[in-house]
Structures are given as structure tokens and as C-alpha cells.
Amino acid sequence: MMCEKRYLQFTSNSPAQTLEIARALGAALRPGDVVGLTGDLGAGKTLFCKGVGEALGISPDRIVSPTFTIVTEHEGPVPLTHIDVYRLSGAREADEIGMRELLSGDGVCLVEWAEKIEELLPKDCIQVKFTLSGDDRREIAIYAPDLPRFDDFRARSRRFHPGG
């Protein structure tokens with residue numbers, strides 16, 4: 001059964017606010033969830049992953065950009081697979097290295113540069129898009145399932161909605 005997605009727009013004025021939004025989303029995630037992150041280089045994708053990981057009980061110091069390793073798996077109360085497909089040529093190469101299996105794992109999966117493998121992502125993938133709008137300012141658009149477990153996320157992050 002497919003569920004509808006809800007669009008949420010946030011404004012972050014600092015790395016600390018980006019982490020706060022990420023922790024709020026991380027608290028709503030469950031094993032099997034896939035989060036696709038898109039945005040320019042330096043937009044805050046890895047920082048966001050640190051916040052999600054922290055909410056899942058993983059030290060943010062352990063979460064670094066996996067650009068050169070492509071995949072980093074973190075053990076924790078909820079396992080976290082952190083994938084960065086920046087260096088891959090596209091979905092075909094990702095498929096050849098077993099990306100489908102990684103995306104259907106038992107934990108939460110975060111995918112940086114998700115647009116490069118869009119056709120491999122599950123239909124219910126949570127999408128996070130970063131847009132730079134100033135030195136530390138980011139517009140963060142999130143498409144998340146319209147499920148009760150995301151109500152707390154929406155409530156906890158309401159102050160980051162444009163207009164509060």
C-alpha cells in the first residue's frame with residue numbers, strides 16, 4: 001500500500017539548526033526507511049546525516065562523508081547505512097555494486113547525491129533537498145510519508161517553517 005507524501009519546507013540559518021531539523025527527522029525514522037539527500041556540494045547533506053545518526057544513537061563524530069568509500073555502515077540501536085554516490089556514474093554502476101541490497105537493508109539508509117540513482121530508490125523514499133540561500137542559510141525541502149509517526153517531526157520542527 002502506497003501512502004501519500006507530505007511536502008515540508010524549512011529554513012535553517014545555521015549548522016546547529018540544520019542538525020536540529022535532522023535530529024527531529026531521525027527520531028521519526030524506522031528500520032527499512034530510505035532517505036535520499038540532494039543538493040549542491042557543501043549544502044549540508046553530510047551534516048544532516050550526522051543529526052539523523054545522532055537521533056538513532058550513533059555518535060556524530062563517526063559519521064563522515066563516505067565519498068571515497070561510497071558506503072559506511074554504522075552499528076547502533078538502529079543500524080545506519082550511509083551511502084554517497086557522488087563518485088558513481090549513475091544507477092547502472094550503483095546496481096552493479098549491489099545498491100539494491102543496501103537500500104533494502106534492516107536499518108535506516110541515508111543516500112547522498114540520491115538524484116544519481118533515483119530509479120533505484122524505493123517509491124516511499126523520504127526526500128531531502130538542500131538549496132543554498134546565503135552563507136549559513138539553507139532551504140530544506142522534505143517529502144515525507146503522511147504517517148502518524150512523522151507528526152512529532154512536523155511539530156518539533158515547526159519553528160523552522162517559513163513564517164514559523
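Where in the chain does Trp113 lie? In this predicted model, Trp113 is found in the loop that runs between strand 5 (108-112) and strand 6 (126-132). The backbone at Trp113 is worth a look, for its phi is positive, about 65 degrees, although the residue is not a glycine. Trp113 is also buried, because its relative accessibility of 11% falls under the 20% limit. A second residue invites the same kind of inspection. Ile70, likewise not a glycine, has a positive phi of about 70 degrees. Its place is the loop between helix 2 (45-55) and strand 3 (71-74). With a relative accessible area of 18%, Ile70 is buried.

Before going further into the fold, a word on confidence is helpful. The chain has a mean pLDDT of 89, and 96% of its residues reach 70 or more. Among the elements of the chain, the highest mean pLDDT, 97, belongs to strand 2 (residues 34-38), while helix 5 (residues 151-156) has the lowest, 82.

Strand 4 offers a convenient way into the sheet. This strand spans residues 80-84, and five of its five residues are buried, so the rest of the structure largely encloses it. Both of its faces are covered: Leu80, His82 and Asp84 are buried on one side, and Thr81 and Ile83 on the other. The pairing of strand 4 can be followed in two directions. With strand 3 it pairs in the antiparallel sense, over four bridges, and a hairpin of five residues connects strand 3 to strand 4. Within this pairing, His74 stands opposite Leu80 of strand 4. With strand 5, in contrast, strand 4 runs parallel, and five bridges join the two. Here Thr81 has Cys109 of strand 5 as its bridge partner.

Attention now turns to the nonpolar interior. The largest nonpolar core holds 30 residues, of which Phe48, Val128, Ile142 and Phe153 touch the most other members. Two or more residues each are given to this core by strand 1 (5-12), helix 1 (15-28), strand 2, helix 2, strand 5, strand 6 and strand 7 (138-145). Helix 1 provides the largest share, five residues. Phe153 makes a good starting point for viewing these surroundings. Neighbours within four places in sequence aside, Phe153 is in contact with Leu8, Phe10, Ile21, Ala24, Leu25, Ala28 and Ile142. Apart from the largest core lies another, of 17 residues, including Val34, Cys109, Ala114 and Leu121. Cys109 thus appears in two settings, as a member of this other core and as the bridge partner of Thr81.

The pockets complete the description. The largest pocket has a volume of about 290 Å³. Fifteen residues line this pocket, and the closest to its centre are Lys5, Glu118, Leu121, Cys125 and Gln127. Strand 2 and strand 6 are the elements that give two or more residues to the lining, and strand 6 gives the most, with three residues. Leu121 links this part of the picture to the interior, as it is among the residues closest to the centre of the largest pocket and also belongs to the core of 17 residues. Strand 2 and strand 6 likewise recur, for both contribute to the largest nonpolar core as well as to the lining of the largest pocket.

Technical notes:
Residues numbered from 1 in each chain as written. Predicted model: local features only at pLDDT ≥ 70, side-chain atom pairs only at ≥ 80, totals over all residues. Heavy atoms only, no water. Buried < 20%, exposed > 50% of the residue type's maximum accessible area, 1.4 Å probe, protein only. Pairing = 2+ DSSP bridges. pLDDT = per-residue confidence, 0-100. Core = buried A, V, L, I, M, F, W, Y, C linked by side-chain atoms within 4.5 Å. Contact = heavy atoms within 4.5 Å. 1 Å grid on protein atoms, 1.4 Å probe; cavity = no way out; pocket = protein on both sides within 12 Å on 5 of 7 lines; lining within 4 Å. Points joined across faces, edges and corners; volume = space filled by probe spheres on them.
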